[in-house]
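Hi everyone, thanks for making time this morning. I'd like to walk you through one protein model, so please have a look at the screen.

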Amino acid sequence: MVSRRDQILDTAAGLFAARGYHGVSVHDIGEACGISGPAIYKHFTGKEDLLAQSLTSISEQLLAGGRQRRSEATGPEAALDALIAWHVEFALTHPALIVVQDREWANLSIDAQQTVRELQLSYIDAWVDTLRELRPNLDRATARAATQAVFGLINSTPHSARISPEAMSELLVSMARAGVLATGV
């Protein structure tokens, strides 16, 4: 069962993705959840807090999921496959959050930006460490650049997914693996 708080976060993310942060009011979010706008203040201090909690939450989910998959993998090859599959699954099932993360970053407070950035960097580091285990001669900066380029590819799905989710997943996994292990890297 989804908690009221999670329902509000999901609804807000969908509205922010569709109309932009400034195009959505607390009243709009409440109405979409079937509650009054002021009822949102039982869970969040305001719209800015809602945005911050949304982006912090997705960053925490990605990091926790990435760490779990990496720790359960039988080796670096399996860890890379698990990380790619995880990120692709997340992007395909949470397109609104991907859009909000990309488009609404500037609307976060400096403190929220710092929190989200730290979580994101930790998630990137899980990928970088995995890549460097596979390719020991790869320096951290190049591994990070390759990882972030692959994230750009995967995170383009809210704009590019024009085929079935299964076909898109297969395509993204194949492209991400090839991209992150490109011979030029």
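**Starting from one threonine**

Let me begin with Thr157, which is buried: its relative accessible area is 4%, and the cut-off for buried is under 20%. Before I go on, please keep in mind that this is a predicted model. Thr157 belongs to helix H8, which covers residues 157-160. Which residues does Thr157 touch, once we leave out those up to four places away in sequence? They are Ala91, Leu92, Met168 and Leu172.

Now for a residue with the opposite character. Glu72 sits in helix H3. Is Glu72 buried or exposed? Its relative accessibility is 55%, so Glu72 counts as exposed. If you follow the chain for ten residues from Glu72, you get to Ala82, and the C-alpha atoms of the two are 9.0 Å apart.

Let's step back to the whole chain. How many helices and strands does the protein have? There are nine helices and zero strands, so reading from the N terminus you meet α-α-α-α-α-α-α-α-α. The radius of gyration is 18 Å, close to the 16 Å that the globule rule gives for 185 residues, so the protein is as compact as a globular protein of that length. Measured out along the principal axes, the C-alpha atoms fill a box of roughly 55 × 35 × 30 Å. Of the 185 residues, 41% are buried. Looking at contacts with a separation of 6 or more, 67% of them join residues 24 or more positions apart. As for the outside, the protein exposes about 9400 Å², and carbon and sulfur atoms supply 53% of that area.

Next, a helix with plenty of cover. Helix H5 spans residues 95-103, and its buried residues are Leu97, Ile98, Val99, Val100 and Gln101. What covers them? The cover includes helix H1 (4-19), helix H3 (47-72), helix H4 (76-93), helix H6 (110-134) and H8. H8 is the helix that holds Thr157, where we began.

On to the rings. The count comes to five aromatic pairs. One of them is Phe16 with Tyr21, a tilted pair with 5.4 Å from centre to centre and 55° between the planes. Phe16 and Tyr21 are both buried. Tyr21 also has a charged neighbour: Lys47 lies over its face, at 4.3 Å from the ring centre. Another charge sits over a ring where Arg117 lies over the face of Trp105, at 4.6 Å from the ring centre. There is a cluster to look for as well, made up of Tyr123, Trp127 and Phe151.

Finally, the annotations. UniProt, in an unreviewed entry, places "domain: HTH tetR-type" at residues 2-62. In the model, that stretch is 66% helix and 0% strand, with its end C-alpha atoms 19 Å apart. The UniProt record, again unreviewed, also places a "DNA-binding region" at residues 25-44. There the chain is 40% helix and 0% strand, and the end C-alpha atoms are 13 Å apart.

That's my tour, and I'm happy to go back to any part of it.

Conventions
Residues are numbered from 1 along each chain as its sequence is written. This is a predicted model: local features need pLDDT of at least 70, side-chain atom pairs count only at pLDDT 80 or more; totals for chains, interfaces and linings use all residues. Side-chain values use heavy atoms; hydrogens and water are left out. Rings of Phe, Tyr and Trp (its six-membered ring) pair if their centres lie within 6.5 Å; planes under 30 degrees apart count as stacked, over 60 as edge-to-face and the rest as tilted. Buried means under 20% relative accessible area, exposed over 50%, partly exposed in between (1.4 Å probe, protein chains only). A charge sits over a ring if NZ of Lys or CZ of Arg is within 6 Å of the ring centre and within 35 degrees of the ring normal. Helices (H or I, at least four residues) and strands (E, at least two) are DSSP runs, numbered from the N terminus. The radius of gyration is taken over C-alpha atoms; the globule rule is 2.2 Å times the number of residues to the power 0.38. Contact means heavy atoms within 4.5 Å. Accessible areas come from the Shrake-Rupley method with a 1.4 Å probe; for residues, only the protein chains shown count as cover. UniProt positions are given in the numbering used here, feature names are shortened, and annotations may be inferred rather than shown by experiment.
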